[in-house]
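Biologist: Could you take me through the strands in this one? I'd like to start with a single pair of residues and work outwards.

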Amino acid sequence: MASVTITFNPDLEGDIEEARSILDRLSERSAATSVSPEVVREKIIALLRGYGEKRTEYIRQVALAAPGRAAFADLTAVVGSAKAIGGTHSAIERAWRAKGMSTTFISTDPSGNARMEPHLATMVLEVLHDQVDEPDPLRSARF
Amino acid sequence: MPYQAEYIWIDGTKPSPLLRNKTRIVADGKEPEIWGFDGSSTNQAPGDQSDCVLRPVYTCPDPLRNEGDILVLCDVELTDFTPHPTNTRAFCVAAAEKYADQEPMFGIEQEYTFFQNGRPLGWPENGYPAPQGPYYCGVGGEKMVGREIVEAHTAACLKAGLSIEGTNAEVMMGQWEFQIGVLPAPMIGDQMWVARWLLHRIAEDFGVVVSFDAKPMPGDWNGAGAHTNFSTKATMQGYDAIVTACEALGRNAAAHVEAYGAGIKDRLTGAHETASWENFSWGASDRGASVRIPWAVEKAKKGWLEDRRPNANMDPYVVAGMIIETCCGALAE
């Protein structure tokens, strides 16, 4: 049996966020393993459906930065303004949950930097390539 | 088991586009993929370069088929996967994503008219029905026609998971309305196009044609509009933002009227609960104004505005995109 000890100062907002982030990641890893990669891939395809350039590129930037964090300044440049980041992020998360996914798609820290789990980021980049950047033309050529 | 995906798209017919659709069988567990069609048959491509691409952008359950079957609204793209010139959703998405922080939201009141044998449903073969008056929100045999289609359409919208808010009979005999909202862009357009498609498809089974014509009958008969209700985070918090939005719409009145649907000058005459297309006005509780502030909004000093100018045959992507650009642009200054 593994035991995990997390030490943080409950009076410090940054400490609380960091602890919460660690617990979220542990719980997501467990939830994510219960969903097959094929299903996750189809959910990513459905999530990206209908998004315009700003939301698509926001997701791409975060996926490209994995396992690290995409910097807030870089994301602001993609979305257009600092104010638009919050709406973009929450809309994407709501859509992800609405597709029946219990995990977090993108997590943010108090500075606005954003992170995606590496295994998810790999799939996101594959889907972006296959569906958005270079879709196989033969898929559209049936009848 | 494979399922049926009904691909729906907006064609290039002018002045008002038509809806097109075809069925694809999709493997169980797979999302619908890009597809193609003959653009030369939909006014979207010349015959020697006829292929166009369908890219799924919105899906919902198909309420007219079996469980698991879906409707798939698509963007039309060129073969280099860029938006087709007739693709207005791309403009709407860009505007919505640009001003996402303001949380623009829409509710649209879609009016329409049933036709059969070349005249409005229920109208006599020769002459006219009784004058307008008893039909709006009316009940009773001989004067209310088409209700069975309205009921079937409403049930279908609910089963599809669309945000239908209600329905009512309109001022002219054979004319009805449904409302979709409150939704962000571009989903307001996605759901409105799917709701329109369902109405066409269901009316087909009744041998009835649905017209979104802005002025289906000339003379002293009401036209058909698509009053568009609009709010942002700021308008829901204070009246100043509503005034700012109204003033911005006034400064851009001509451009909006031009983009609000074919035949708009025949409908916005200044009569039949419309403001003249030439004279922009806004005011509280005024159904003769271009933009109306509902009385409750004026009293609460926060809420939304109603742009009464869009035609029934308007493109909701264009109207929503333009309102966002104009109003959110002004609110951002």
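Biologist: Which residue does B:Gly36 stand opposite in S4(B)?

Modeller: B:Gly36 stands opposite B:Val53, and I should say at once that this is a predicted model, in which local features need pLDDT of at least 70, side-chain atom pairs count only at pLDDT 80 or more, and totals for chains, interfaces and linings use all residues. Residues are numbered from 1 along each chain as its sequence is written, chains are lettered from A and ligands numbered from 1 in the order in which they are written, and side-chain values use heavy atoms, with hydrogens and water left out.

Biologist: And how many bridges do S3(B) and S4(B) pair over?

Modeller: S3(B) and S4(B), residues 51-61, pair over four bridges in the antiparallel sense, where strands are DSSP runs of E of at least two residues, numbered from the N terminus, and pairing requires at least two DSSP bridges between them.

Biologist: What order do the strands take in the sheet?

Modeller: The open sheet of chain B has five strands in the order S2-S1-S5-S4-S3, with mixed pairing. S2 and S3 (35-38) of chain B are at the edges with a single partner strand each, so one side of each has no neighbour in the sheet.

Biologist: Switching to S1(B), what does it pair with?

Modeller: Eight bridges join S1(B) to S2(B), residues 19-26, and these two run antiparallel, with B:Tyr3 opposite B:Val26. S1(B) also pairs with S5(B), residues 70-77, in the parallel sense over four bridges, and there B:Ala5 stands opposite B:Ile70.

Biologist: Why is S1(B) largely enclosed by the rest of the structure?

Modeller: Because seven of its eight residues, in the stretch 3-10, are buried, meaning under 20% relative accessible area with a 1.4 Å probe and protein chains only.

Technical notes:
Buried < 20%, exposed > 50% of the residue type's maximum accessible area, 1.4 Å probe, protein only.
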